[in-house]
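Thank you for making time this morning. I would like to walk you through one structure, and I will try to keep to what the coordinates let us say.

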Amino acid sequence: MKRLISIVEGHGDVRAVPILLRGWLRLEGLIGEFFVPDLAINAKGCGNLKAAHDPRAHRGIEHYVGSALRARPDAILAVLDADDECLKRTADNKLGPELLARARAVAGTVPVGVVIANREFEAWFLADLPALRQGGAVPADAALDSSVGPEERAGCKAAVGRLLGEPYEPTVHQAELARALAFSAEARTLSPSYDKLVRELERLSAEARTWRSA
């Protein structure tokens, strides 16, 4: 089986992102072809991924890609939140391409991808709300103000808490919410970064099948 290793920024993501990846693989009929470890590599902070490379301090995306390479992966995917940083950057200085170039410099021929959730991972839950309701992850009558797009909303975590009817805790709720995501076309339209996730998974899964023989 092909090994897809994930790198994340926080404790809630450690379980949620592998569940998310397996959900997409299952939807595409690839779950028997790819192995995703139950726990992602945890950078313990978005700043540790974005920082300049310092292997002794465990900082920089290069360090975490190096850790992933020790598992002999067929593909590596890093997922992190944009927060407000992408709003501050110019079109010719985007965070995603910068981190991807740095990751590729370490990964060599191993397929690698970087997905920046705009502004937070939880925006993907808001975009795919019908799937969360259908899967029982939130109450059937949970609703949002549709006048504000998922990626335009400040405080996505608080909005998810309102859907749940209780304070949202990533380490408690994130994995089960991720399990309910359906990657619908409508959700991907509402959240371009969610669409980017799907496109990167499509690319990485295709490249993983052939890179060792290239």
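Before I turn to the pocket, a word on the names: the helices I mention are DSSP runs of H or I with at least four residues, numbered from the N terminus. Please also keep in mind throughout that this is a predicted model.

Let me begin with the second largest pocket, which holds about 230 Å³ of space. Its lining is made up of 15 residues, and those that lie nearest the centre are Leu-126, Leu-129, Leu-144, Ser-146 and Leu-190. If we ask which helices supply at least two residues each to this lining, they are H6, covering 122–127, H7, covering 129–134, and H10, covering 185–190. H7 gives the most, with three residues. Sorted by class, the lining of this pocket consists of nine nonpolar, two polar and four charged residues.

Next, the aromatic residues, where the structure holds four aromatic pairs. In one of them, the ring centres of Trp-124 and Tyr-194 lie 5.8 Å apart with their planes at 25°, and because planes under 30 degrees apart count as stacked, this pair is stacked. The two partners come from distant parts of the chain, since Trp-124 sits in helix H6 and Tyr-194 in helix H11, residues 192–208, with the two positions 70 residues apart. Are these two residues buried or exposed? Trp-124 has 0% relative accessibility and therefore counts as buried, and Tyr-194, also at 0%, counts as buried as well. Looking beyond this pair, ring pairs join Phe-121, Trp-124, Phe-125, Phe-183 and Tyr-194 into a cluster.

That brings me to helix H8, residues 156–164, whose buried residues are Cys-156, Ala-159, Val-160, Gly-161, Leu-163 and Leu-164. These buried residues pack against H6, H7 and helix H9, which spans 170–180. Just after H8 comes Gly-165, which has a positive phi, near 80°.

Lys-157 also lies in H8, but with a relative accessible area of 29% it is partly exposed, because that value falls between the 20% limit for buried and the 50% limit for exposed. Leaving aside residues up to four places away in sequence, Lys-157 touches Asp-81, Glu-120, Glu-122, Tyr-168 and Pro-170. Computed along the sequence, if I may put it that way, Lys-157 is 31 residues from Leu-126, while in space their C-alpha atoms are 9.5 Å apart.

For those of you who think about cysteines, how many disulfides are there? With a cut-off of 2.5 Å between the sulfur atoms, the count comes to zero disulfides. Cys-46 is buried, as its relative accessible area is 10%, and Cys-156, at 0% relative accessibility, counts as buried too.

Finally, let me turn to helix H1, residues 11–27, where we find Val-17. Val-17 has 0% relative accessibility, so this residue counts as buried. Apart from residues up to four places away in sequence, Val-17 touches Ser-6, Val-8, Val-79 and Phe-121, and Phe-121 is one of the residues in the aromatic cluster I described. Leu-144, one of the residues nearest the centre of the second largest pocket, is 127 residues from Val-17 along the chain, and the C-alpha atoms of the two are separated by 24 Å.

Methods:
Residues are numbered from 1 along each chain as its sequence is written. This is a predicted model: local features need pLDDT of at least 70, side-chain atom pairs count only at pLDDT 80 or more; totals for chains, interfaces and linings use all residues. Side-chain values use heavy atoms; hydrogens and water are left out. On a 1 Å grid over the protein atoms alone, a cavity is a set of points where a 1.4 Å probe fits but cannot get out, and a pocket is an open set with protein on both sides within 12 Å along at least five of seven lines; lining residues have an atom within 4 Å of a point. Grid points are joined across faces, edges and corners, and a volume is the space filled by probe spheres set on the points. Ala, Val, Leu, Ile, Met, Phe, Trp, Tyr, Cys and Pro count as nonpolar, Asp, Glu, Lys and Arg as charged, and the others, Gly among them, as polar. Buried means under 20% relative accessible area, exposed over 50%, partly exposed in between (1.4 Å probe, protein chains only). Rings of Phe, Tyr and Trp (its six-membered ring) pair if their centres lie within 6.5 Å; planes under 30 degrees apart count as stacked, over 60 as edge-to-face and the rest as tilted. Contact means heavy atoms within 4.5 Å.
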